[in-house]
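Biologist: Please take a close look at one part of this model, namely a charged side chain and the partner with which it pairs. I should then like to see how that part is placed within the chain as a whole.

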Amino acid sequence: MELLLSLRLSKSVKGTSSEHAGISWLLKQGYHVFKNVHVTGFIDVVIFNGKELIGIDIKSETFRRKNGQKIYRKPTSKQDEYGVKLLFVKKDGECYFGND
């Protein structure tokens, strides 16, 4: 499934598309997913794996225009404080957690 992420989209459209792809991927992995209803925040979704609740911030996988090098992101200090994990969404809709 090739997502529209390969097109030049505004950051907000790309982010929304990635968020929906990430939620879909999480559901396919068997997680229970609870969406944040606030427009801004340091957590996009909360997932439940049957044992614990985990805050997730969903990010589009991005690369530098100049040389195509992958841009590595890390959680903010507030996300670190609350144990939030980053979930990255590739152009093809596949996802991976930040430390995978």
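Modeller: Glu19 has a relative accessible area of 15% and is therefore buried, the limit being under 20%. This is a value from a predicted model, as are all those that follow. The partner of Glu19 is Lys35, and the closest N and O atoms of this salt bridge are 2.2 Å apart. Lys35, in contrast to a buried residue, is partly exposed, with a relative accessibility of 44%. Glu19 belongs to helix H1 and Lys35 to strand E1 (residues 32–35), so the salt bridge ties together parts of the chain that are 16 residues apart in sequence. Side chains of opposite charge can pair when their charged atoms come close.

The structure holds three salt bridges. One of them joins the side chains of Asp57 and Lys59, with an N to O distance of 3.4 Å. Asp57 is buried at a relative accessible area of 6%, while Lys59 is partly exposed at 28%. In another, Lys70 meets Glu61 at 3.6 Å, N to O. Here Glu61 counts as buried, at 15% relative accessibility, and Lys70 as partly exposed, at 24%.

Helix H1, the element that holds Glu19, also takes part in the interior. The largest nonpolar core has 14 residues, and those with the most contacts inside it are Leu26, Val45, Ile47, Ile56, Ile58, Leu87 and Phe97. At least two residues of this core come from each of helix H1 (11–28), strand E2 (45–48), strand E3 (53–60), strand E4 (85–89) and strand E5 (95–97). The contribution of H1, four residues, is the most that any element gives to this core. Ile56 illustrates how the core is joined: apart from neighbours within four places in sequence, Ile56 is in contact with Ile43, Asp44, Val45, Ile47, Val84, Lys85, Leu87 and Phe97.

Val84, one of those contacts of Ile56, lies in the loop between helix H2 (77–82) and E4. Val84 is buried, with a relative accessible area of 6%. Residues up to four places away in sequence aside, Val84 touches Phe42, Ile43, Gly55, Ile56, Asp57, Pro75 and Gln79. The list thus includes Asp57, the residue that forms a salt bridge with Lys59. Between the C-alpha atoms of Val84 and Asp44 the separation is 9.8 Å, although these residues are 40 positions apart along the chain.

A polar link also reaches strand E3, where Ser60 is placed. The side chains of Ser60 and Ser18 are joined by a polar contact of 2.5 Å. Ser60 counts as buried, with 13% relative accessibility. Beyond residues up to four places away in sequence, Ser60 touches Lys14, Gly15, Ser18, Phe88 and Val89.

Aromatic rings form a further set of contacts, and the structure holds four aromatic pairs. Phe42 and Tyr82 make a tilted pair, 5.4 Å centre to centre with 35° between the planes. Phe42 is in the loop between E1 and E2 and Tyr82 is in helix H2, so far as sequence is concerned 40 residues apart, and the pair links these distant parts of the chain. Phe42 is partly exposed at 24% relative accessibility, whereas Tyr82 is exposed at 52%. Phe88 and Tyr96 form a stacked pair, with 5.5 Å between centres and 25° between planes. Both members are buried: Phe88 has a relative accessible area of 6%, and Tyr96 has a relative accessibility of 14%. In addition, ring pairs link Trp25, Tyr31 and Phe97 into a cluster; Phe97 is also among the residues with the most contacts inside the nonpolar core.

The whole chain gives the setting for these details. The chain has two helices and five strands, which follow one another along the sequence as α-β-β-β-α-β-β. Of its 100 residues, 31% count as buried. Among contacts with a separation of 6 or more, 48% are between residues 24 or more positions apart. The accessible surface of the chain is about 7100 Å², and carbon and sulfur atoms account for 53% of this surface.

Technical notes
Residues are numbered from 1 along each chain as its sequence is written. This is a predicted model: local features need pLDDT of at least 70, side-chain atom pairs count only at pLDDT 80 or more; totals for chains, interfaces and linings use all residues. Side-chain values use heavy atoms; hydrogens and water are left out. A nonpolar core is a set of buried Ala, Val, Leu, Ile, Met, Phe, Trp, Tyr and Cys residues joined through side-chain atoms within 4.5 Å. Buried means under 20% relative accessible area, exposed over 50%, partly exposed in between (1.4 Å probe, protein chains only). Contact means heavy atoms within 4.5 Å. A polar contact is a pair of N or O atoms within 3.5 Å; within protein, one must be able to donate a hydrogen and the other to accept it, and residues adjacent in sequence count only if both atoms are side-chain atoms. Accessible areas come from the Shrake-Rupley method with a 1.4 Å probe; for residues, only the protein chains shown count as cover. A salt bridge is a side-chain nitrogen of Lys or Arg within 4 Å of a carboxyl oxygen of Asp or Glu. Rings of Phe, Tyr and Trp (its six-membered ring) pair if their centres lie within 6.5 Å; planes under 30 degrees apart count as stacked, over 60 as edge-to-face and the rest as tilted.
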